[in-house]
Amino acid sequence: MPGSIRYGVVALFCGTLLFSCSSGDNEKNATESQEQTGLAHQQEQAPVEDDGKGIGPVSSIEVSENIDDALAAEGKTIFEGKCSACHQLTDQKIVGPGLLGVTEKRKPEWIMNMVINPEEMTKKDPTAKKLLAEHLTQMTNQNINEQDARAILEFLRQNDLQAQGK
């Protein structure tokens, strides 16, 4: 046998031997320990009250009945640059959910907090947790500030009103 094949056979044999000698008890104990640690860690956190506004810096936002076209235009530019790779303005899913009707389903604060603070939202907000479980992809933090998030919100509001023919 050539030398490289011989070494490959020996390596395969040694790996198989090590694998077969493992009883699995250590792995089982390690898994149980991790689960217990994880559960203890979860119990330390106080339950988050779900007021529908999400988790993040935006606790209250005023939106008028009329769309601010200049703000919506700014939001469109930001959306196209940072959001459109994963989200459609229809109900079609790409990576993340389609956003048609999002301003009717969610409070403005929730939308802005999700855009600004996606990681913490998917860890603590019940609605965001469900979305993560459904879509199986963590929303990327695009480092969007409150002003830009407000512009995106206005653009999404405009999109939803246009879809309704208003």
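The following exercises, with worked solutions, concern the salt bridges and the largest pocket of a predicted model.

**Exercise 1**

Determine how many salt bridges the structure holds, and identify the residues whose side chains meet in them.

*Solution.* Side chains of opposite charge can pair when their charged atoms come close. The cut-off to apply is a side-chain nitrogen of Lys or Arg within 4 Å of a carboxyl oxygen of Asp or Glu. The structure holds three such salt bridges. Glu120 and Lys124 meet at 2.9 Å, N to O. Arg150 and Glu154 meet at 2.7 Å, and Glu154 and Arg157 at 2.8 Å.

**Exercise 2**

Establish how far apart Glu120 and Lys124 are in their helix, and classify Glu120 as buried, partly exposed or exposed. Do likewise for Lys124.

*Solution.* Begin with the position in the chain. Glu120 and Lys124 both belong to helix H6, residues 118–124. Because they are four residues apart there, about one helical turn separates them. Next, consider accessibility: a residue is buried under 20% relative accessible area, exposed over 50%, and partly exposed in between. Glu120 has a relative accessible area of 30% and is therefore partly exposed. Lys124, at 32%, is likewise partly exposed.

**Exercise 3**

Describe the network of salt bridges that links Arg150, Glu154 and Arg157, and state whether Glu154 is buried or exposed.

*Solution.* First, locate the residues. Arg150 and Glu154 lie in helix H8, four residues apart, or about one turn of the helix. Glu154 and Arg157 are three residues apart in helix H8, so they too are separated by about one helical turn. Second, trace the contacts. The side chain of Glu154 meets that of Arg150 in one salt bridge and that of Arg157 in another; the three residues are thus linked in a network. Third, assess burial. Glu154 has 1% relative accessibility and counts as buried. Arg157, at 11%, is also buried, as is Arg150.

**Exercise 4**

Characterise the largest pocket by its volume, the residues closest to its centre, the elements that line it and the division of its lining into residue classes.

*Solution.* Start with the space itself: the largest pocket holds about 620 Å³. The pocket is lined by 32 residues, of which His87, Pro97, Leu99, Met114 and Met139 are the closest to its centre. Proceed to the elements that give two or more residues to this lining: helix H3 (69–82), helix H4 (102–105), helix H5 (108–116), helix H7 (126–135) and helix H8 (146–163). Finally, sort the lining residues by class: 19 are nonpolar, nine polar and four charged. Helix H8 therefore appears in two of the solutions, as a contributor to the pocket lining and as the helix that holds Glu154 and Arg157.

Technical notes: Residues are numbered from 1 along each chain as its sequence is written. This is a predicted model: local features need pLDDT of at least 70, side-chain atom pairs count only at pLDDT 80 or more; totals for chains, interfaces and linings use all residues. Side-chain values use heavy atoms; hydrogens and water are left out. On a 1 Å grid over the protein atoms alone, a cavity is a set of points where a 1.4 Å probe fits but cannot get out, and a pocket is an open set with protein on both sides within 12 Å along at least five of seven lines; lining residues have an atom within 4 Å of a point. Grid points are joined across faces, edges and corners, and a volume is the space filled by probe spheres set on the points. Ala, Val, Leu, Ile, Met, Phe, Trp, Tyr, Cys and Pro count as nonpolar, Asp, Glu, Lys and Arg as charged, and the others, Gly among them, as polar. Buried means under 20% relative accessible area, exposed over 50%, partly exposed in between (1.4 Å probe, protein chains only).
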